[in-house]
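Reader: I would like to learn how to read helix packing and salt bridges in a model. Could you take me through a case?

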Amino acid sequence: MRYFTLGSTGVQVSELCLGSMMFGGATPEAESIRIIHRALDDGINFFDTANVYAKGDSERVLGNGVRSRRDRVVVATKVKVAVGDSPNDAGSSRYHILREIDKSLSRLGFDHIDLYYLHQYDWRTPLEESLRALDDLVRQGKVRYVACSNFYAYQVCEALWTAERRGFDRLACVQPLYNIVNRDAEVELFPMCQAHGVGVVVYSPLARGVLTGKYKPGEPPPAGSRAARGDSRIQETEMREDSYRVAQELGRLAQQKGVPLSQLAVAWVLANPVVTSAVIGPRTMDQYEDYLKALKCSIESEDEELINSLVPPGEHTGPGFTDPSYPVRGRLSV
């Protein structure tokens, strides 16, 4: 396992970050903790969750899994997405952030969170209000580093400028969607992060399962898959016939290299020097072991050329998609 510096901080994180979206939900607690312990033994020291995963049970299970080695891990969680039906049960307001941090700490069983993300950009709340609340949490000792997820490049710049102007703690990293069929982050976000010393922790290297090759053009999703379960996230961003066709082409490349497509896809993400760490989200131990084997897969120049011919740098397959919370004609949703 290799370790890299997280942005302009001094903290070192493993190149694979164990995501726990499935833990406490699709993956029972006992199996979740078995995967967590295996990851610790394999040298993974970076763990990711959110207050909304499995309705909070993901945080609880992750806390139980790492507690015996708490001083050796970097744990990240997030705030913003709705946790209830009340008007203030979502967003990045000071009210919501200060309320949710204590709930997350309680579920995790920690006295501090190492990395705290704004899960999405909040179009309702002034960014300065959100950043001031995060800075207060750092000063109180409840949070070590702050970050953002699913922000556009100009929004990250705005956050950096605001932090510098107001003397707030600056963003340690961003967490964007990034994989072979979703390369938009290469256009502006990645160069901006390189220029300003912001870490890049990417999620969904398998495009929520599309880059395993299990979804076929013109065919219904296989039973038990995220798409078959009606998962809203994959329906929003990944249900594209063009992506399925690319996956079939990539499958032939993977076969030539003697590796599963899933390992090729993860290795390709890790081969980008801008990427600090990639979040993996296994549901089973077999899936975890498959992710781990990607560390032994090398991406050659001819592989890059073929992949670029299928999905050019900075582009994504099929019709575009946007953040579902993006305001349209003045309407704001949460």
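Author: Happily; we will go through a helix pair, some salt bridges and a few single residues. This is a predicted model, in which local features need pLDDT of at least 70, side-chain atom pairs count only at pLDDT 80 or more, and totals for chains, interfaces and linings use all residues. Residues are numbered from 1 along each chain as its sequence is written, and side-chain values use heavy atoms, with hydrogens and water left out.

Reader: At what angle do helix α1 and helix α10 pack?

Author: First, the terms: helices (H or I, at least four residues) and strands (E, at least two) are DSSP runs, numbered from the N terminus. Axes are lines fitted to C-alpha atoms, for helices over the stretch in contact, and angles run from 0 to 180 degrees between N-to-C directions. Here α1 (residues 29-41) and α10 (residues 285-293) pack at about 20°, and their axes are 10 Å apart. That makes α1 roughly parallel to α10; angles under 35 degrees count as roughly parallel, over 145 as roughly antiparallel, 65 to 115 as roughly perpendicular and the rest as oblique.

Reader: Which residues of α1 and α10 meet?

Author: Contact means heavy atoms within 4.5 Å. From α1 come Glu31, Arg34, Ile35, Arg38 and Ala39, and they meet Met285, Tyr288, Glu289 and Leu292 of α10. The residues of this contact divide into 5 nonpolar, no polar and 4 charged. In that count, Ala, Val, Leu, Ile, Met, Phe, Trp, Tyr, Cys and Pro are nonpolar, Asp, Glu, Lys and Arg are charged, and the others, Gly among them, are polar.

Reader: How many salt bridges does the structure hold?

Author: A salt bridge is a side-chain nitrogen of Lys or Arg within 4 Å of a carboxyl oxygen of Asp or Glu. The structure holds 23 of these salt bridges.

Reader: With which residue of α10 does Arg38 of α1 form a salt bridge?

Author: Arg38 meets Glu289 in a salt bridge, at 2.9 Å from N to O. Because Arg38 lies in α1 and Glu289 in α10, the pair ties together parts that are 251 residues apart in sequence. Arg38 also forms a salt bridge with Asp42, where the closest N and O atoms are 2.9 Å apart.

Reader: Is Arg38 buried or exposed?

Author: Buried means under 20% relative accessible area, exposed over 50%, and partly exposed in between (1.4 Å probe, protein chains only). Arg38 is in between, partly exposed at 27%. Glu289 is partly exposed at 27%, and Asp42 is partly exposed at 24%.

Reader: What separates Glu249 and Arg252 in helix α8?

Author: These two are separated by about one helical turn, because they are 3 residues apart in α8 (residues 241-257). The side chains of Glu249 and Arg252 form a salt bridge at 2.8 Å, N to O. Glu249 is partly exposed at 37%, and Arg252 is partly exposed at 43%. Elsewhere, salt bridges that share partners join Asp89, Arg99, Glu100 and Lys103 into one network.

Reader: Where does Ala30 lie?

Author: Ala30 lies in α1 and counts as exposed at 63% relative accessibility. Ala30 and Arg107 are 77 residues apart in sequence and 17 Å apart in space, C-alpha to C-alpha.
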